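Let's take a walk through this protein together, one neighbourhood at a time. Keep the viewer open and turn it as you read.

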Amino acid sequence: MPHSTDFPIPETSPTKCCTRCKQVKTFDLFGFSEGRLRSQCKACRTEIERLKRLANPEKVRERDRLNYWANVEHERELLRVRRARSPESFKRREDEYRLKNADKIREQKRLSYWRNPEKARQRERNRRINNPDIMRQKDRDRYLADPQTRVAYNRLRKARLAGAEGRYSKRDIDELFIKQAGCCAYCRRSLSLIGIHIDHIIPVVKGGSNWPHNLALACPKCNLTKHDKTPDEWVYRWYVCEGGLK
Ligand SMILES: [Zn+2]
Ligand SMILES: [Zn+2]
C-alpha cells in the first residue's frame, strides 16, 4: 500500500488503514475524536468537511458558530496564534471582509451599542485612553470627511451658550454655500481653498440670532477680523483704521 507522505516512515511506526481512501497511514495522519483515533485520515476528513459545507452551507455555518462559542477562549487563542504567524495575510483578509461587508458591520456595531449603551460608552472611553493617537487620527479623518457638520455643530453650541435664539442645520449651510457660489461673503475669495467659517452677520453678543438669514459664510481671515463687530463697525475699522484686508 502506498503512503501519502513523502518522508520515510520507520518500520516500527504504528499504522492504520483509512476506511475511506483505504490507504495505510501512520497514526499522526489521523485526527483524534473523544480520545480515539478517527477511522478516516485527516486528508479524508478535510474532504468530507468540504463536501458537507458545499452541500449544506447554512447548517455547517451554524454548527461552526455553536462550536466557536462553546470553546470561545480556545478559538480566540488559535486565532491569535494564526494571526501572529502571518500578520500581513490576516490583515489583507480582514480588510477585504470589511470592504465587502461594510453595511453589515455598521449594523452589527449599532446593535451591539444598543444592547448595552453604558458598556459601549465605557469601551469607547477606554479606547480613547489606551490609543489616544489612533483615536485622534480617527476624529481628524471624520472631521475632514465632513467639516461643515462639525463647524455647524460647534457654532451652534457656542451660540446656544450665548443664549441666542434660532437654529440652523447643515442643509442651511449647504444652501448658503450655493447661494454665495462658494465664495467668502465679504472678500469673495474661494472658500473651498481657504476654509469656511460661519459668520453671524449681526453678532450674537449684539443680539443677532442663529436663524439662517443672520448667517454668512466667510473665510477665516474675514470672520476672525470681523469677530463680534457688525458689518458697519467692521468695515469702518477695516478701511479707516487698518487700511483694508492685507
Ligand atoms: Zn483517507
Ligand atoms: Zn473673506
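Leaving out residues up to four places away in sequence, Ile 196 touches Gln 148, Val 151, Leu 191 and Leu 217 in this predicted model. You will find Ile 196 in the loop between α10 (191-194) and β5. Is Ile 196 buried or exposed? Ile 196 is buried, because 20 other C-beta atoms lie within 10 Å, and 20 is the number from which a residue counts as buried. Look also for Cys 184: Ile 196 and Cys 184 are 12 residues apart in sequence, and their C-alpha atoms are 8.0 Å apart in space.

**Around strand β6**

One of the contacts of Ile 196 is Leu 217, which belongs to strand β6 (residues 215-218). In this strand, Leu 215 and Leu 217 point one way while Ala 216 and Ala 218 point the other way. This fits a general pattern: in a regular strand the side chains alternate between the two faces of the sheet. Here all four of these residues are buried.

Which way does β6 run relative to strand β5 (residues 197-200)? The two strands run antiparallel and are joined by four bridges. To see one pairing for yourself, find Asp 199, whose bridge partner in β6 is Ala 216.

Now for the nonpolar cores. The largest one has 13 residues, and those with the most contacts inside it are Cys 184, Leu 191, Leu 217, Ala 218, Cys 219 and Cys 222. Strand β6 supplies the largest share of this core, four residues. A second, separate core has five residues, including Cys 18, Leu 29, Phe 30 and Cys 44. In soluble globular proteins, nonpolar side chains tend to be buried together.

Ala 218 is a good place to pause. Not counting neighbours within four places in sequence, Ala 218 is in contact with Cys 184, Ala 185, Tyr 186, His 197, Asp 199 and Asn 223.

**A hairpin and a nearby loop residue in sequence**

Strand β3 (residues 30-33) and strand β4 (residues 36-41) run antiparallel, with three bridges joining them. Ser 33 has Arg 36 as its bridge partner in β4. Together β3 and β4 form a hairpin with two residues between them. In the turn, Glu 34 has a positive phi of about 50 degrees.

Phe 27 sits in the loop between β2 (24-26) and β3. Is Phe 27 buried or exposed? Phe 27 counts as exposed, because it has 11 C-beta neighbours inside 10 Å, and a residue with 12 or fewer is exposed. Even so, there are contacts to find: apart from residues up to four places away in sequence, Phe 27 touches Pro 14, Lys 16 and Leu 37. The C-alpha atoms of Phe 27 and Thr 15 are separated by 5.5 Å, although these residues are 12 apart along the chain.

**Two residues with a positive phi**

Most residues other than glycine have a negative phi. Ala 181 and Arg 188 each have a positive phi although neither is a glycine. The table sets them side by side.

| Residue | Phi | Location | C-beta atoms within 10 Å |
|---|---|---|---|
| Ala 181 | about 55 degrees | loop between α9 (170-179) and α10 | 9, exposed |
| Arg 188 | about 70 degrees | loop between α9 and α10 | 12, exposed |

**Two helices to check with a ruler**

Helix α1 (residues 42-55) has 14 residues, so at 1.5 Å a residue it should span 20 Å; its end C-alpha atoms are 20 Å apart, which agrees. The count of buried residues in α1 is one, so to speak of it as hardly covered is fair. Helix α3 (residues 72-85) also has 14 residues, and its expected span of 20 Å agrees with the 20 Å between its end C-alpha atoms. How many residues of α3 are buried? The number is zero, so α3 lies largely in the open.

**The whole chain, and how far to trust it**

Stepping back, the protein has 12 helices and six strands. Of its 246 residues, 12% count as buried. Among contacts between residues at least 6 apart in sequence, 41% join residues at least 24 apart.

The mean pLDDT of the protein is 84, and 89% of the residues score at least 70. Where is confidence lowest, and where is it highest? Confidence is lowest in helix α8 (residues 147-161), at a mean of 71, and highest in β6, at 94. Over residues 1-5 the pLDDT stays under 50.

Terms used. Residues numbered from 1 in each chain as written. Chains lettered and ligands numbered in written order. Predicted model: local features only at pLDDT ≥ 70, side-chain atom pairs only at ≥ 80, totals over all residues. Pairing = 2+ DSSP bridges. Contact = placed C-beta atoms within 7 Å. Expected span 1.5 Å × (residues − 1). Core = buried A, V, L, I, M, F, W, Y, C linked by C-beta atoms within 7 Å. pLDDT = per-residue confidence, 0-100.
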